[in-house]
Amino acid sequence: MYNDKLRKYGFLILGNILSAYSVISILRPNGLMTGGLTGLSRVLERVIKDGFVLNELAEQYLFSIIYYLLAIVVLISSYLFLSKEDAFKILFLSLTYPLLL
């Protein structure tokens with residue numbers, strides 16, 4: 001049972017690393033957007049930066065703030081409509097993915 005959980009979370013981490021690498025190395029340099037929370041966060045980041053004057057610190061962390069706010073909505077929804085295990089996996093992924101970006 002312990003090895004099974006370790007293997008599952010190992011694959012989750014590997015998937016996060018591969019996804020973050022593709023965003024940083026391929027998509028961002030070419031001005032492309034991803035789907036899901038990351039893409040939506042990037043679009044909202046660009047809209048907010050174009051529409052408002054932000055200080056340097058806010059500009060630097062705006063993507064992470066937007067991403068975490070959207071992730072909280074998804075986390076609450078998954079807890080209500082799916083299982084606690086799925087909600088915990090989403091929480092794990094939501095906390096580790098922005099750190100890799």
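Helices (H or I, at least four residues) and strands (E, at least two) are DSSP runs, numbered from the N terminus. The structure is a predicted model, in which local features need pLDDT of at least 70, side-chain atom pairs count only at pLDDT 80 or more, and totals for chains, interfaces and linings use all residues. Residues are numbered from 1 along each chain as its sequence is written, and side-chain values use heavy atoms, with hydrogens and water left out.

**Exercise 1. Describe the secondary structure and the extent of the protein chain.**

Step 1. The protein chain has 4 helices and 0 strands.

Step 2. Along the sequence, these elements give the pattern α-α-α-α.

Step 3. Taken along the principal axes, the C-alpha atoms of the protein chain fill a box of roughly 50 × 30 × 20 Å.

Step 4. Buried residues (under 20% relative accessible area, against over 50% for exposed and in between for partly exposed, with a 1.4 Å probe and protein chains only) make up 20% of the 101 residues of the protein chain.

**Exercise 2. Determine where glutamate 59 lies and which residues it is in contact with.**

Step 1. Helix α3 contains glutamate 59.

Step 2. Glutamate 59 counts as partly exposed because its relative accessibility is 38%.

Step 3. Contact means heavy atoms within 4.5 Å. With neighbours within four places in sequence left aside, glutamate 59 is in contact with Glu45, Lys49 and Leu54.

Step 4. Leucine 27 is 32 residues from glutamate 59 along the chain, and the C-alpha atoms of these two residues are separated by 20 Å.

**Exercise 3. Compare the span of helix α4 with the expected value, and explain how its buried residues are placed.**

Step 1. Helix α4 covers residues 84–100, which is 17 residues.

Step 2. The expected span of a helix is 1.5 Å times one less than its number of residues. For α4 this gives 24 Å, and the helix reaches 25 Å from its first C-alpha to its last, close to that expectation.

Step 3. Ala87, Ser94, Tyr97 and Pro98 are the buried residues of α4. They lie on the same side of α4 because they cover an arc of only 100° around the axis, the arc being that of the directions from the helix axis to the C-beta atoms.

Step 4. Lys84 and Leu99, on the other side of α4, are exposed.

Step 5. The packing partners of the buried residues of α4 are α1 (2–27), α2 (36–51) and α3 (56–81).
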